[in-house]
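Please load the model in your viewer and keep the selection panel at hand. The tour proceeds from one selection to the next and says what is to be found at each stop.

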Amino acid sequence: MCGIFGVRGHPDAVHLAQLGLYSLQHRGQESVGVVSIDAGGAARAVRTMGTLSDAMSHELAKIPGVSAVGHTRYSTAGSSTIENAQPALARSKGGYITLAHNGNLINAGELRLALEDEGAIFSSTNDSEVIVHRIAHSRADAPAERLADALQGVEGAYSLIVAMGDTLLAARDPRGWRPLTMGRLGDAVVFASESCALDIVGATIEREVEPGEIVAVNAEGTTTLHPLPKRDEHKCVFEYVYFARPDSRVYGGSVDRARRALGRRLAREWPAPGADLVFSVPDSSNSAALGFAEESGVPYELALIRNHYVGRTFIQPTQAGRDAKVKVKYNAVREVLAGKSVVMVDDSIVRGTTTRGLVAMVRAAGAREVHMRVSSAPVTGPCYYGIDTPSREELIAANYTQAEIAAHLGVDSLGYLPLDGMLESVPGGPKGFCHACFSGDYPTPPPADADKLRFGCGC
Ligand code: 5GP
Ligand code: SF4
Ligand code: MG
């Protein structure tokens, strides 16, 4: 998964991009990059593995610009290389093309082979570079038309921020899989994956970029194009469940309100009579657990504390095993849990390994009964559209019944929010959402190179 940010027409563009990326850091910690574009259209990039750092700030201070594009990247270890860090930057017909992508293309393999047959040379293994090549191949002059040409026949999920010369462009695939918001800061235009990145730079939200839309901003103003065949909307429901920040608006709705509604619905579907307290697995389920507490009247407590200062490399499973991984990240508050019947609310269960470790920790801290409540449906399939869910073999709900999962986790009861409850709770639902990883209802055929794709994801 990834976060993308772009700003045009501001003397502090590079600094603003950095601020925006701080707010999008949760969307990817594998690598981060900023491309700065000066008044003459010349572009320079600074990219690094890991998260934003002081060292990167020093580098960025040397390349001021009037426009900037930024990217935070998350994907699996297999493709964790600096060559895959974004934004992509290339020269074509004497001008620069900068591109930041969130999402996964499902026909990138075929498109790449076709380009390679024509002699194209790729510098990364990610799917986003395919779009850069296709832009370079376009015979059109106007940047929006070049991007429109490039996107014909590209299948899958993409929210894009692209810069060509002094034009900044934003585009969303026709199904609208990934969010993308547009805002204004004085005369400058800002685009970001989530509105929390507009807040941090002081921009006001104008609107979402629409599914299938290309927005182009240059010295003359803003123009918009709908060059792609219309499709049914498939916004990723997992953005509301887990991925986006609760202080953000995505797809035009509040993530906090969505999660509270999911938690409230969960409390109605799966009440826990007689429970003494409810707690979240911080931070991702805080708002859903609050919703559960509000609806059920069971008091909300802080029973698990998360350590925010442990780097990702330190908690690799190879170093100390799964249990140690959980212990490094979380600790239980004995005074809250001892002797109590408790409701543990989490937003999702994927492999079940973290949850199992947490339940053991909560019991070791003295909890008498543990009732697990999950504010999404069971995850039964992989995602091909930009979220890095593991393969089906590793998904606990794809392989075991609910009773078996409860036994494996060591809980007294287990309740998942059913799919219809989930879709009815999110803003704008129940229609217009992708729920393939929960329902198996994939809007596209699985990509031919599905396994490779999980490791070659450009987002
Ligand atoms: P599990 O018990 O399946 O090992 O882990 C469940 C936890 O993983 C939940 O707290 C949930 O918030 C989190 N989670 C869900 N999806 C993702 C994801 O795509 N990436 C990461 N890092 N965590 C996730
Ligand atoms: Fe989102 Fe799941 Fe659809 Fe992927 S498969 S886009 S995670 S709802
Ligand atoms: Mg979590």
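A residue counts as buried under 20% relative accessible area, as exposed over 50%, and as partly exposed in between. The model is predicted.

**Stop 1: an aromatic pair in helix H7**

Select phenylalanine 238 first. Its relative accessible area is 6%, so phenylalanine 238 is buried. Add tyrosine 242, which at 35% is partly exposed. The two residues are 4 apart in helix H7, about one turn of the helix.

A pair of aromatic rings is described by the distance of the centres and the angle of the planes. In the whole structure, the search finds 10 aromatic pairs. For phenylalanine 238 and tyrosine 242, the ring centres are 5.8 Å apart and the planes stand at 45 degrees, so this pair is tilted.

**Stop 2: from H7 to a neighbouring loop**

Now select tyrosine 240 and tyrosine 251, both of which are buried. Their ring centres lie 5.7 Å apart with the planes at 75 degrees, so the pair is edge-to-face. Tyrosine 240 belongs to helix H7, whereas tyrosine 251 sits in the loop between strand E15 (249-250) and strand E16 (253-254); the pair therefore ties together parts that are 11 residues apart in sequence.

Keep tyrosine 251 selected and inspect its backbone. Although tyrosine 251 is not a glycine, its phi is positive, at about 50 degrees. The relative accessible area of tyrosine 251 is 11%.

**Stop 3: ligand 1**

Select ligand 1 and display its surroundings. The shell holds 13 residues, and the closest are Asp346, Asp347, Val350, Arg351 and Thr355. By class, the shell comprises 4 nonpolar, 6 polar and 3 charged residues. Helix H7 (237-243) and helix H12 (353-364) each supply at least two of the shell residues; H12 gives the most, with 3 residues.

Which side-chain atoms of tyrosine 242 should be picked for a distance to a nitrogen atom of ligand 1? An N or O atom in that side chain is 2.9 Å from the ligand nitrogen. In the side chain of serine 284, an N or O atom lies 2.9 Å from an oxygen atom of ligand 1. A polar backbone atom of arginine 351 is 2.8 Å from an oxygen atom of ligand 1. Taken alone, ligand 1 exposes 520 Å², of which the protein buries 81%.

**Stop 4: ligand 2**

Move to ligand 2. The residues around it include Trp177, Arg178, Cys236, Phe238, Cys383, Cys434, His435 and Cys437. H7 and helix H16 (436-439) are the elements that give two or more residues to this shell. The shell divides into 10 nonpolar residues, 1 polar and 1 charged.

Select two of the cysteines in turn. Cysteine 236, at 7% relative accessibility, is buried, and cysteine 383, at 11%, is buried as well. A search of the whole structure finds 0 disulfides. Then add the aromatic cluster formed by Trp177, Tyr384, Tyr385 and Tyr442.

**Stop 5: two cis peptide bonds**

Finally, select proline 282 and aspartate 283, which are joined by a cis peptide bond with omega about 0 degrees. Aspartate 283 lies in the loop between strand E17 (277-280) and helix H9 (286-296). Go on to glycine 429 and proline 430, where the connecting peptide bond is cis, with omega near 0 degrees. Proline 430 is found in the loop between helix H15 (419-425) and strand E23 (433-434).

Note on methods:
Residues are numbered from 1 along each chain as its sequence is written. Chains are lettered from A and ligands numbered from 1 in the order in which they are written. This is a predicted model: local features need pLDDT of at least 70, side-chain atom pairs count only at pLDDT 80 or more; totals for chains, interfaces and linings use all residues. Side-chain values use heavy atoms; hydrogens and water are left out. A disulfide is a pair of cysteine sulfur atoms within 2.5 Å. Buried means under 20% relative accessible area, exposed over 50%, partly exposed in between (1.4 Å probe, protein chains only). A residue is near a molecule or strand if one of its heavy atoms lies within 4 Å of it. A polar contact is a pair of N or O atoms within 3.5 Å; within protein, one must be able to donate a hydrogen and the other to accept it, and residues adjacent in sequence count only if both atoms are side-chain atoms. Accessible areas come from the Shrake-Rupley method with a 1.4 Å probe; for residues, only the protein chains shown count as cover. Ala, Val, Leu, Ile, Met, Phe, Trp, Tyr, Cys and Pro count as nonpolar, Asp, Glu, Lys and Arg as charged, and the others, Gly among them, as polar. Rings of Phe, Tyr and Trp (its six-membered ring) pair if their centres lie within 6.5 Å; planes under 30 degrees apart count as stacked, over 60 as edge-to-face and the rest as tilted.
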